[in-house]
There are 2 protein chains.
Amino acid sequence: MDRRQQKTRDAIFKAFSKLIGQKRYANITVQEIIDEANIGRSTFYAHFETKDELLKALCTDIFSHVFSDELMSEKTHDFSGENYVLEAKLTHILHHLKDSEKNIAGILSSESGDLFMKYFKDYLTELFSKNFNEIKVNAPADFVLNHLVGSFAETVKWWVDNSMKYTPEQTARYYIEVSYN
Amino acid sequence: MDRRQQKTRDAIFKAFSKLIGQKRYANITVQEIIDEANIGRSTFYAHFETKDELLKALCTDIFSHVFSDELMSEKTHDFSGENYVLEAKLTHILHHLKDSEKNIAGILSSESGDLFMKYFKDYLTELFSKNFNEIKVNAPADFVLNHLVGSFAETVKWWVDNSMKYTPEQTARYYIEVSYN
DNA sequence: ATCTTAGCGAACAAGGTGTTCAATAATAAA
DNA sequence: TTTATTATTGAACACCTTGTTCGCTAAGAT
């Protein structure tokens with residue numbers, strides 16, 4: 001990829017990340033992104049067709065780091081019945097979110113999270129499907145899967161909104177505790 | 001309230017509900033609402049300052065029916081340890097959402113749900129706080145409360161997105177089963 | 001050194017926003 | 001019924017955002 005393209009793309013991502021931490025996604029204009037990134041109008045549209053495409057690309061970029069191949073590998077079934085492996089993976093995700101230079105916290109909170117959460121949950125669904133220690137519960141599998149994914153996503157959002165006041169280890173622990181005890 | 005005002009307000013709500021079932025909230029313009037409601041431009045702005053204000057008003061309207069005073073009354077602690085009361089209340093909410101003439105399903109899904117969910121969770125938090133049968137779990141109370149609220153909200157969204165394929169009774173049962181077993 | 005591609009920036013039409021105002025019609029109060 | 005009040009109207013307004021086009025320039029690849 002041309003160095004110029006990479007530079008422009010980075011500038012757009014950076015500007016967008018900054019803005020998304022300041023105001024609602026819906027209220028951010030392409031004009032503002034252009035101004036903040038200090039690029040030409042036509043240049044923006046040469047890279048992204050719409051604002052939604054930009055968000056999608058940013059999410060894909062972020063998640064490719066957070067949900068690494070190793071993390072998503074299938075051979076992680078846990079036969080201890082204690083979910084140590086899943087807990088470790090969730091901890092890993094939380095650490096990534098915490099340490100990321102990109103403004104993930106900003107994206108997740110500040111009411112921009114609609115689309116972000118959608119993409120986030122897609123990855124989580126894949127992860128949980130593969131780490132499905134059947135819970136001994138009288139409910140359909142699709143219900144349980146959605147419950148696990150949704151409640152973890154909500155947990156992350158809550159964790160971020162509350163200044164990450166618990167450590168990743170604690171948060172993952174509590175989640176496993178509440179979900180699988 | 002003047003009959004004219006009520007009529008206009010209803011027309012706006014109706015038009016908005018219809019549109020929100022057709023396209024993303026973010027992409028709905030005031031112009032479209034005006035055209036659909038068949039009212040004057042200045043009339044709209046006499047009623048609502050922004051689109052967000054309109055959504056807020058609609059949500060308040062809906063929730064005032066769904067979360068009735070009876071439902072929110074405090075004296076509903078359940079000492080059986082089986083959460084029969086909470087389950088009945090959740091079932092009641094699901095029935096309301098299902099039968100509502102207003103396009104609640106449309107609002108909840110179709111990616112308009114960001115703000116709706118926010119208001120929804122406010123009410124749920126109040127409800128769950130009052131029906132807090134301590135779960136015997138090693139996690140902070142604020143974590144548990146958020147988990148219960150968030151996972152129920154996610155359950156409802158999933159239920160609606162999947163054509164409400166389970167009955168309200170089943171869905172509430174599964175939720176209690178997974179959360180409190 | 002030359003070919004190729006990205007970025008620039010100005011201009012454009014189309015359409016949305018939020019406000020104002022005088023005229024009109026519906027409603028409430030006497 | 002008459003009168004006073006208030007909501008709605010529709011046009012006009014300046015302003016902003018959008019997405020596209022185009023010739024020019026500059027950076028990068030070969």
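Lys165(A) comes out as partly exposed in this predicted model, at 48% relative accessibility, where buried means under 20% relative accessible area, exposed over 50%, and partly exposed anything in between (1.4 Å probe, protein chains only). The side chain of Lys165(A) meets that of Asp142(B) in a salt bridge, with N and O 2.7 Å apart; the term stands for a side-chain nitrogen of Lys or Arg within 4 Å of a carboxyl oxygen of Asp or Glu. This pair crosses between chains, running from helix α9 of chain B, home of Asp142(B), to the loop between α9 and α10 of chain A, where Lys165(A) sits. Helices here are DSSP runs (H or I, at least four residues), as strands are (E, at least two), numbered from the N terminus. Asp142(B) is partly exposed too, with a relative accessible area of 28%.

A word on conventions: residues are numbered from 1 along each chain as its sequence is written, while chains are lettered from A and ligands numbered from 1 in the order in which they are written. As the model is predicted, local features need pLDDT of at least 70 and side-chain atom pairs count only at pLDDT 80 or more, whereas totals for chains, interfaces and linings use all residues; side-chain values use heavy atoms, with hydrogens and water left out.

Turning to the interface as a whole, 32 residues of chain A are in contact with 32 residues of chain B, contact being heavy atoms within 4.5 Å. Between them the two chains bury about 3200 Å², with 55% of it on carbon and sulfur atoms. Buried area is the accessible area (1.4 Å probe) that two parts lose on being put together, summed over both. Six salt bridges are found across the interface of chain A and chain B. Another cross-chain example is Lys121(A) with Glu154(B), whose closest N and O atoms are 3.0 Å apart. Polar contacts between chain A and chain B come to ten residue pairs, both partners at pLDDT 80 or more. Such a contact is a pair of N or O atoms within 3.5 Å; within protein, one must be able to donate a hydrogen and the other to accept it, and residues adjacent in sequence count only if both atoms are side-chain atoms.

On the side of chain A that touches chain B, the elements giving two or more residues are α8 (113–130), α9 (141–161) and α10 (168–180) of chain A. Of these, α9(A) gives the most, with ten residues. By residue class, this side of chain A splits into twelve nonpolar, nine polar and eleven charged. Ala, Val, Leu, Ile, Met, Phe, Trp, Tyr, Cys and Pro go down as nonpolar, Asp, Glu, Lys and Arg as charged, and the others, Gly among them, as polar.

Next comes the DNA. DNA strand D is surrounded by 18 residues, and the closest are Gln5(B), Thr8(B), Gly40(B), Ser42(B) and Thr43(B). To be near a molecule or strand, a residue needs one of its heavy atoms within 4 Å of it. Chain A supplies at least two residues of this surface from each of α1 (3–22), α2 and α3, and chain B does so from each of α1 (3–20) and α3 (41–47). The residues of the surface near DNA strand D divide into three nonpolar, nine polar and six charged. Looking from the DNA side, 56% of the strand D atoms within 4 Å of the protein belong to sugar or phosphate, and the rest to bases. Phosphate oxygens of strand D lie 3.1 Å from a side-chain N or O atom of Arg3(A), 3.0 Å from one of Tyr45(A) and 3.0 Å from one of His47(B).

Over all chains, the structure holds 20 salt bridges. One of them joins the side chains of Asp2(A) and Arg4(A) at 2.9 Å, N to O; Asp2(A) is partly exposed at 32% relative accessibility, whereas Arg4(A) is exposed at 63%. Within helix α9 of chain B, Lys157(B) and Asp161(B) lie four residues apart, about one turn of the helix, and their closest N and O atoms are 3.7 Å apart in a salt bridge. Asp161(B) is partly exposed, at 43% relative accessibility. Glu87(A), Arg173(A) and Glu177(A) are linked in a network of salt bridges.

Finally, the backbone. Most residues other than glycine have a negative phi. Asn38(A), not a glycine, has a positive phi of about 60°; this residue lies in the loop between α2 (30–37) and α3 (41–47) of chain A and is exposed, with a relative accessible area of 69%. Met164(B), not a glycine either, has a positive phi of about 50°. Met164(B) is found in the loop between α9 (141–161) and α10 (168–180) of chain B, but counts as buried at 18% relative accessibility.
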